[in-house]
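Grab a pencil and work through these exercises with the structure open beside you. Each one sets a task and then walks through a solution.

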Amino acid sequence: MDVTDQHAPAAASGTLPASWQQIDVLVNNAGHDIGGRKRFDLGTVDEWVNTIQTNVLGAIRVTHALLPGMVDRGRGHIVNIGSIFGLEAHAGSAAYCTSKFAINGFSKAILDDFRGKGVRVTQILPGVTRTEFSETRWQGDQAAVDAFYRQFDQVLEPEDVARMVRFAVEQPAHVTISDLVVIPAA
């Protein structure tokens, strides 16, 4: 679904088959940094707003659409994929850092809102992860993507992040992993 469409999350949840409508685990993973990795004044406001629209408002919209069912059932788990850029800011990433700092605050606030109500909230904050994210950031410029990854001795793979999501979700109902920072070993 297009998480930038304010009506899409609520509409999509209503079109699921009855056996799928009681969603117990939500992983908010939509995000991009198209136009990113450049000084703030060299990008356009539209690029920066689109990053925030997708990365922050998308998570808020989908969470808002699914959370009432979790609360009604007294169980659920919201996993927000943040970033280490939600803990530390870097030059050339103003909108992306803003969006990930917002996800950090959103995760902590809704964790507190639903404490004791059976709904857990986890934020996974990975370091650099090799995904199509970089191809999107540089709009298909494979040379830029390759150059980006070459600057690191080691990066995470999507499976590394998926294992962290699974780890958090598989904890007993009385255990909440609120924040899980995941970085490459090297």
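## Exercise 1: the fold at a glance

Going along the protein chain from its N terminus, you meet the elements in the order α-β-α-β-α-β-α-α-α-β. Bear in mind that this is a predicted model.

**Task.** Work out how the radius of gyration of the protein chain compares with the globule rule.

**Solution.**
- Start with the inventory: the protein chain has 6 helices and 4 strands.
- Now take the rule. For 186 residues it gives 16 Å, and the radius of gyration is 17 Å, close to that value, so the chain is as compact as a globular protein of that length.
- For the outline, the C-alpha trace spans about 50 × 35 × 30 Å along its principal axes.
- Then look at burial: 41% of the 186 residues count as buried.
- Last, check the contacts. Of those with a separation of 6 or more, 72% are between residues 24 or more positions apart.

## Exercise 2: helix α3

**Task.** Compare the span expected for α3 with the distance between its end C-alpha atoms, then find what its buried residues pack against.

**Solution.**
- α3 covers 94–113. At 1.5 Å a residue, its 20 residues should span 28 Å, and the end C-alpha atoms are 28 Å apart, so the two agree. The step to get right is that the rise is multiplied by one less than the number of residues.
- Next, pick out the buried positions, under 20% relative accessible area: they are A95, Y96, C97, S99, K100, I103, N104, F106, S107, I110 and L111.
- Finally, follow their contacts: these buried residues pack against α2, β2, β3 (119–126) and α4 (132–137).

## Exercise 3: the cavity

**Task.** Find which residues line the largest cavity and sort them by class.

**Solution.**
- Searching the whole structure for cavities of 30 Å³ or more turns up 1, and the largest cavity has a volume of about 40 Å³.
- Its lining is made of N28, N29, A30, N55, A59, N80, I81, K100 and I103.
- By element, α2 (45–73), β2 (76–81) and α3 each give at least two of the lining residues.
- By class, you get 4 nonpolar, 4 polar and 1 charged.
- Two of the α3 names should look familiar: K100 and I103 are in the lining and also among the buried residues of α3.

## Exercise 4: a loop arginine

**Task.** Place R130 and list its contacts beyond four places in sequence.

**Solution.**
- R130 sits in the loop between β3 and α4.
- With a relative accessible area of 39%, R130 is partly exposed.
- Beyond its sequence neighbours, R130 touches Y149, V155, L156, E157 and P158.
- For Y149, 19 residues away along the chain, the C-alpha separation from R130 is 7.7 Å.

Notes: Residues numbered from 1 in each chain as written. Predicted model: local features only at pLDDT ≥ 70, side-chain atom pairs only at ≥ 80, totals over all residues. Heavy atoms only, no water. 1 Å grid on protein atoms, 1.4 Å probe; cavity = no way out; pocket = protein on both sides within 12 Å on 5 of 7 lines; lining within 4 Å. Points joined across faces, edges and corners; volume = space filled by probe spheres on them. Nonpolar A, V, L, I, M, F, W, Y, C, P; charged D, E, K, R; others polar. Buried < 20%, exposed > 50% of the residue type's maximum accessible area, 1.4 Å probe, protein only. Contact = heavy atoms within 4.5 Å. Rg over C-alpha atoms; globule rule 2.2 N^0.38 Å.
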